[in-house]
Amino acid sequence: MAGKFVGAVLVAAGLMAVAGQVAAQAQEEKVLNIYNWSDYIADDTVKNFEKETGIKVRYDVFDNNEILNSKLAAGKSGYDIVVPTAQWARLQIDGKLLRKLDKSKLSNLKNLDPAIQAKLAGIDPNNDYLVDWLWGYTTVGINVNKVKAALGGMPMPDNAWDLIFNPKYASKLKSCGVSFLDSPSEVLPAALLYLGKPAYSKNAADYAEAGKLLQAIRPNVTLFSSSGYINDMANGAVCVALGWSGDINIARQRAIDAKNGNVIEVLVPKTQAALMFDTMAIPADAPHPNNAHLWINYILRPEVHASLTNKVFYANPNTASLKFVRKDIAGNKTVFLSDADKQRMAAPEAVPADIRRNITRIYTKFKTGL
Ligand code: N2P
């Protein structure tokens with residue numbers, strides 16, 4: 001008797017929970033809160049989504065993973081869509097900060113390149129939480145004429161990283177402006193790769209060596225920036241930057257549009273550089289998860305994904321979009337890397353908390369010059 005009663009209560013509770021979910025979905029207010037990187041979207045992406053769905057988008061920007069991660073870790077960010085780089089998303093999945101995707105709502109997943117999905121599955125098994133937004137790599141950008149002039153008679157190095165990590169070059173380039181990304185988790189992997197170490201080393205001794213390298217070149221760094229450096233490159237205030245591939249191509253395009261004579265170039269290192277996959281994810285406590293799925297599925301449309309690449313010069317993971325990508329961009333090997341370049345570059349890997357603390361400590365010492 002008692003058993004039957006408990007059973008009935010459980011069934012009733014289950015039904016109520018399902019009904020509650022359906023109601024919540026039906027009642028989800030027509031709002032979507034997005035937190036994405038700056039300079040990372042086309043002009044009409046939000047507008048078209050709003051027009052089509054009647055959902056009002058609030059769109060905020062950040063320019064490094066550390067900022068996004070602390071917002072998520074603090075909880076109740078209010079965001080429905082965030083765009084962490086894959087290795088950071090792994091930590092956020094482990095910390096239960098992200099919500100599993102409901103793939104039944106993402107019919108356009110079929111457009112994605114299986115090779116990129118497989119690469120991401122190394123971080124997010126079965127692609128349960130993350131969908132790639134765009135991808136690129138961390139590298140060196142130059143103002144061709146200013147760099148040549150500052151180097152005097154010295155020939156360009158064969159290894160692009162020498163320009164920023166070898167004092168022989170960097171001390172000369174200081175006069176025309178040397179910019180570094182303002183993010184521990186971007187600077188340390190680049191320094192490690194220059195030293196021939198793994199980008200995501202778990203070995204404290206490797207970091208000590210990278211710290212020494214950074215101390216030695218600190219006097220030559222004139223700017224720390226993860227977003228403003230795009231305009232500084234475009235207008236000639238900075239002649240060499242440790243930056244992201246697409247951003248440097250945006251600077252190139254802005255200089256062309258301004259007809260200011262600055263020739264900006266993205267260098268593809270012949271040694272290793274870090275690949276970077278920025279992924280759409282839904283925070284565990286997102287207030288509008290249903291709208292978030294609508295957004296992800298919208299971005300995955302071939303024309304929409306292509307329009308992002310056409311605006312910001314980052315490669316997208318959407319095979320079906322390629323026919324909508326501008327010919328000159330689709331054929332640009334600094335945007336869509338050749339297979340050989342892609343193979344050589346370092347794939348993302350999450351690093352444990354003690355190493356992350358070490359990275360932050362070394363970076364802070366570097367930046368403050370103490
Ligand atoms: C966009 C920078 C995104 C690349 N401006 C860094 N993950």
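Is Phe313 buried or exposed? Select Phe313 to begin the tour, and keep in mind that what you have open is a predicted model. Phe313 counts as buried, because its relative accessibility is 6% and buried means under 20% relative accessible area.

**Stop 1: Around Phe313**

Now follow the backbone on both sides of your selection. Phe313 sits in the loop between helix H14 (302–312) and helix H15 (327–330). Look at its backbone angles too: phi of Phe313 is near 60 degrees, a positive value in a residue other than glycine.

**Stop 2: Another positive phi**

Next, select Asn127. Here phi is positive as well, at about 50 degrees, although Asn127 is not a glycine. You will find Asn127 in the loop between H5 and strand S5 (131–143). Asn127 is buried, with a relative accessible area of 14%.

**Stop 3: The two sides of helix H5**

Stay in this part of the chain and select helix H5, residues 114–121. Colour Ile116, Gln117 and Leu120, which are buried. Why do these residues lie on the same side of H5? They cover an arc of only 100 degrees around the axis, and that puts them on the same side of the helix. Then pick a second colour for Pro114, Ala115 and Ala118, the exposed residues on the other side of H5.

**Stop 4: The faces of helix H2**

Try the colouring again on helix H2, residues 45–53. Which residues of H2 are buried? They are Thr45, Val46, Phe49 and Thr53. Turn the view until you look down the axis of H2: its buried residues fall within an arc of 90 degrees, so they line one face of the helix. On the face turned away from this buried side, look for Lys47 and Lys51, which are exposed.

**Stop 5: The ligand**

Time to visit the ligand. Select the residues around it: Trp37, Ser38, Asp39, Tyr40, Thr85, Trp244, Asp247, Met276, Asp278 and Tyr314. If you colour this shell by residue type, you get five nonpolar, two polar and three charged residues.

Zoom in on the nitrogen atoms of the ligand and check these distances:

- From Ser38, a backbone N or O atom lies 2.7 Å from a nitrogen atom of the ligand.
- From Asp247, an N or O atom of the side chain is 2.9 Å from a ligand nitrogen.
- From Asp278, a polar side-chain atom lies 2.7 Å from a nitrogen atom of the ligand.

How much of the ligand's exposed area does the protein bury? Taken alone, the ligand exposes 260 Å², and the protein buries 99% of that.

**Stop 6: The disulfide**

The structure holds one disulfide. To see it, select Cys176 and Cys239, whose sulfur atoms are 2.1 Å apart. The link between Cys176 and Cys239 is right-handed, with 60 degrees about the S-S bond.

Trace the chain away from each cysteine. Cys176 lies in the loop between helix H8 (167–173) and strand S6 (178–180), while Cys239 lies in the loop between helix H11 (229–234) and strand S8 (240–244), so the pair ties together parts that are 63 residues apart in sequence. Cys176 is buried, with a relative accessible area of 13%. Cys239 counts as buried too, at 0% relative accessibility.

**Stop 7: The loop before H11**

Now move to Ser225, in the loop between strand S7 (223–224) and H11. Ser225 is buried, with a relative accessible area of 9%. Show its side chain and follow where it points: the side chain of Ser225 reaches the backbone nitrogen of Gly228 at 3.1 Å.

**Stop 8: Two distances to try**

Select Leu213 in helix H10, residues 204–217. Leu213 is buried, with a relative accessible area of 13%. Draw a distance from its C-alpha atom to that of Leu195: these atoms are separated by 8.6 Å, and the two residues are 18 residues apart along the chain.

For the last selection, go to Asp339 in helix H16, residues 339–344. Is Asp339 buried or exposed? At 57% relative accessibility, Asp339 counts as exposed, because the cut-off for exposed is over 50%. Finish with a line from Asp339 to Val238: they are 31 Å apart in space, C-alpha to C-alpha, and 101 residues apart in sequence.

How values were computed
Residues numbered from 1 in each chain as written. Predicted model: local features only at pLDDT ≥ 70, side-chain atom pairs only at ≥ 80, totals over all residues. Heavy atoms only, no water. Near = heavy atom within 4 Å. Polar contact = N/O pair within 3.5 Å; in protein donor to acceptor, adjacent residues only side chain to side chain. Areas by Shrake-Rupley, 256 points an atom, 1.4 Å probe, with all protein chains shown as cover. Nonpolar A, V, L, I, M, F, W, Y, C, P; charged D, E, K, R; others polar. Disulfide = S-S within 2.5 Å. Helix = DSSP H or I, 4+ residues; strand = E, 2+ residues; numbered from the N terminus. Buried < 20%, exposed > 50% of the residue type's maximum accessible area, 1.4 Å probe, protein only. Arc of directions from axis to C-beta.
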